[in-house]
Number of protein chains: 2
Amino acid sequence: MSPRADAVRNRTKVLAAADEVFAELGTDASTDEVARRAGVGIGTVFRHFPTKEALLASVFQERLRQVGNEAAAMATSDDPAEAFHELFTKLIGNSRTKQALGEALTAAGIDIDDAIAPVRDEVREAIAILLAKAQEAGGVRGDIGVDEAIALLIGASQASAAVIDISMRARTLNVFLDGLRP
Amino acid sequence: MSPRADAVRNRTKVLAAADEVFAELGTDASTDEVARRAGVGIGTVFRHFPTKEALLASVFQERLRQVGNEAAAMATSDDPAEAFHELFTKLIGNSRTKQALGEALTAAGIDIDDAIAPVRDEVREAIAILLAKAQEAGGVRGDIGVDEAIALLIGASQASAAVIDISMRARTLNVFLDGLRP
DNA sequence: AACGATACGGAGTGCTGACTCCGCTTGTCA
DNA sequence: TGACAAGCGGAGTCAGCACTCCGTATCGTT
C-alpha cells in the first residue's frame, strides 16, 4: 500500500521547514518551531521522524545529497580543474546560511546517525572522482586526497560564514583557490 | 575591599573547568558538569558568573586573549612573514579541541556578549599589525585585510578539526599557507 | 455515499537544565 | 581567638523541550 497523498505532502513540508529552521536558528531550534513553520501539528512531525535526531539526520542527508549531485555534475565537465574550483565557489555562495553546509559535512564525519553513512560515501566518491580528474588535468595540486578536500570544503564554508561582505568573501575564497593550485 | 582568597581561587578553578568542559563536550554542556569538574557547588559557579552566557563569554574572552598574545608576540619577530604562517600552524596545532578556537573567534564576530568587544578589538589589532608586517616583508599576499585573515583563521581551525590524521592536517594546512603567499 | 484505514492536531507528560535561596562554613581583621 | 562579613553548597523552583496519546478529520475504495 502506498502512503496517503497528504502524508507525502506533509513529509516534504516538514523536511523543508526543518532545513530552513535549522539553518536560520541553529540545530537546537525546537521541534515546535519546525512544526509551526511547516504549518502542521507536532504530532505530524514526530510521526514522520520518530526523534529530533532522525529529523536532523534527514536534513543533513538532503544537504549532502545536493553537494553530491553538484560534484557529480561537475565531474562530467570538460574542464575538470575549473569545475573543481567552481565547486568551492558554488557551495560557499549558495547556501542560505553558509554554516549549514559545513554543519552537514561535519556531521557526516561525526556520524550523527548511521543512516547518513551511505549518502556520505556517495558524496565522498563523487568528490574523489572530480578531484582526481582535476589533478590529472593539472589544475589542482597532487598532494591532497579526498579527505583533505572535504576538510577544506568545510573550512571554506565556515570561513566564508564568518564574513559578511561579498567582496571580502571573494578575497577569502581566492586564498583557498590559489592554495589548491599545483 | 579586595575579594577573599578562596573566592579568587574558585573563580579560576571554575573558569578552567568551563574551558575544558566546553571544549570537550561542546557549549551546551551543563553548568552542573562545570561545577562538578571544578569541584565546587553550582551556587559558586553562578555567584561568579551570573548566567551561563556570561560564563561562556568569559571562556571565549580568555581564549581570544591567548590568540592576541600569541599574535602580539609574533609581531616582534624579525621574520614576520614566517611568523604569520606560524600563527596559523600554532593555533591549529595547539588547542585541545581545535574547534574550540574557531568557536571563540566566531563568537567574537557574532558578539555573544558586549563584554567581549574590547578583547576582540585587541586581538584584531594584534593580527592587523602582524599581517601588515608580513605583507610588507613580501611573505603574504597584499590583497587581503584583517577580516579576511581572521575568517581564514576560523576556516583553518574548523578544517583541521574535521581531520583526524596528523599528516592529513599538515597537508590541509599547507593549502592555506600556500594560498596566503603573494 | 459510506465506511474502514490512515493520518492529523495539539493538550498532556516527564525530564533536563538554568538559576535562586538560605543555613552553614571559612577567611580576615582586630 | 573571637566575631562578623564574605563566600559556599546544594536542595528546590520554574521554564522549555522532546516525545506520547487519542479523539477527530481526511483519504481512498467499493
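Here is a chat between a learner and a teacher about how to read this predicted model.

Biologist: Where do I start with chain A? How many helices and strands are there in chain A?

Modeller: Start by listing the elements. Remember that this is a predicted model. Chain A has nine helices and zero strands, so written along the sequence its pattern is α-α-α-α-α-α-α-α-α.

Biologist: And what box do the C-alpha atoms of chain A fill?

Modeller: Taken along the principal axes, the box is roughly 55 × 40 × 25 Å. Inside chain A, 45% of the 182 residues count as buried. You can also look at who touches whom: of the contacts in chain A with a separation of 6 or more, 69% join residues 24 or more positions apart.

Biologist: Which residues have the most contacts inside the largest nonpolar core?

Modeller: Those are A:Leu130 and B:Leu130, in a core of 116 residues. To see what surrounds such a residue, skip its neighbours within four places in sequence. A:Leu130 is then in contact with A:Ala71, A:Met74, A:Ala75, A:Pro80, A:Ala83, A:Phe84 and A:Leu87.

Biologist: Let me try a single helix. Which residues of helix H2 of chain A are buried?

Modeller: First the general idea: an α-helix has 3.6 residues a turn, so residues three or four places apart point the same way. Now the case here. H2 of chain A covers residues 31–38, and A:Val34, A:Ala35 and A:Ala38 are buried in it. Looking down the axis of H2(A), you find these buried residues within an arc of 100°, so they line one face of the helix.

Biologist: What covers the buried residues of H2(A)?

Modeller: The cover includes helix H1 (5–25) and helix H3 (42–48) of chain A. Look just past the end of H2(A) too, where A:Gly39 has a positive phi of about 75°.

Biologist: Now the two chains. How do I describe the way chain A is laid on chain B?

Modeller: In general, two copies of a chain are related by a rotation about an axis and a shift along it. Here, a turn of 179° with a shift of 0.0 Å along the axis lays chain A on chain B with an RMSD of 0.1 Å. That is the relation of a two-fold axis.

Biologist: How many residues of chain A are in contact with chain B?

Modeller: 27 residues of chain A are in contact with 27 residues of chain B. On the chain A side, helix H6 (98–110), helix H8 (146–161) and helix H9 (166–180) each supply at least two residues. H8(A) gives the largest share, eleven residues. Sorted by class, that side has 13 nonpolar, eight polar and six charged residues. As 100% of the interface residues of chain A are also interface residues in chain B, the copies meet through the same surface.

Biologist: Let's turn to the DNA. Which residues are closest to DNA strand C?

Modeller: Of the 23 residues that surround strand C, the closest are A:Asn10, A:Gly41, A:Gly43, A:Thr44 and B:Ala5. Next, ask which elements they belong to. Two or more residues each come from H1 and H3 of chain A and from helix H1 (5–25), helix H2 (31–38) and helix H3 (42–48) of chain B. H3(A) has the largest share, four residues. By class, the surface near strand C has eight nonpolar, eight polar and seven charged residues.

Biologist: And which residues come nearest to DNA strand D?

Modeller: A:Ala5, B:Asn10, B:Gly41, B:Gly43 and B:Thr44 do, out of 23 residues around strand D. This time H3(B) gives the largest share, four residues. The surface near strand D divides into eight nonpolar, eight polar and seven charged residues.

Biologist: One last thing. Is B:Glu86 buried or partly exposed?

Modeller: Count its neighbours. A residue is buried if 20 or more other C-beta atoms lie within 10 Å of its own, and exposed if 12 or fewer do. B:Glu86 has 15, so it is partly exposed. This residue sits in helix H5 (residues 80–94) of chain B. Its C-alpha atom is 9.4 Å from that of B:Leu177, 91 residues apart along the chain.

Biologist: What about B:Glu82, which is also in helix H5 of chain B?

Modeller: B:Glu82 is partly exposed, with 14 other C-beta atoms within 10 Å. Between the C-alpha atoms of B:Glu82 and B:Ala137, 55 residues apart along the chain, the separation is 9.6 Å.

Definitions and conventions:
Residues numbered from 1 in each chain as written. Chains lettered and ligands numbered in written order. Predicted model: local features only at pLDDT ≥ 70, side-chain atom pairs only at ≥ 80, totals over all residues. Core = buried A, V, L, I, M, F, W, Y, C linked by C-beta atoms within 7 Å. Contact = placed C-beta atoms within 7 Å. Nonpolar A, V, L, I, M, F, W, Y, C, P; charged D, E, K, R; others polar. Arc of directions from axis to C-beta. Near = placed C-beta within 6 Å. Least-squares fit on C-alpha atoms with pLDDT ≥ 70 in both.
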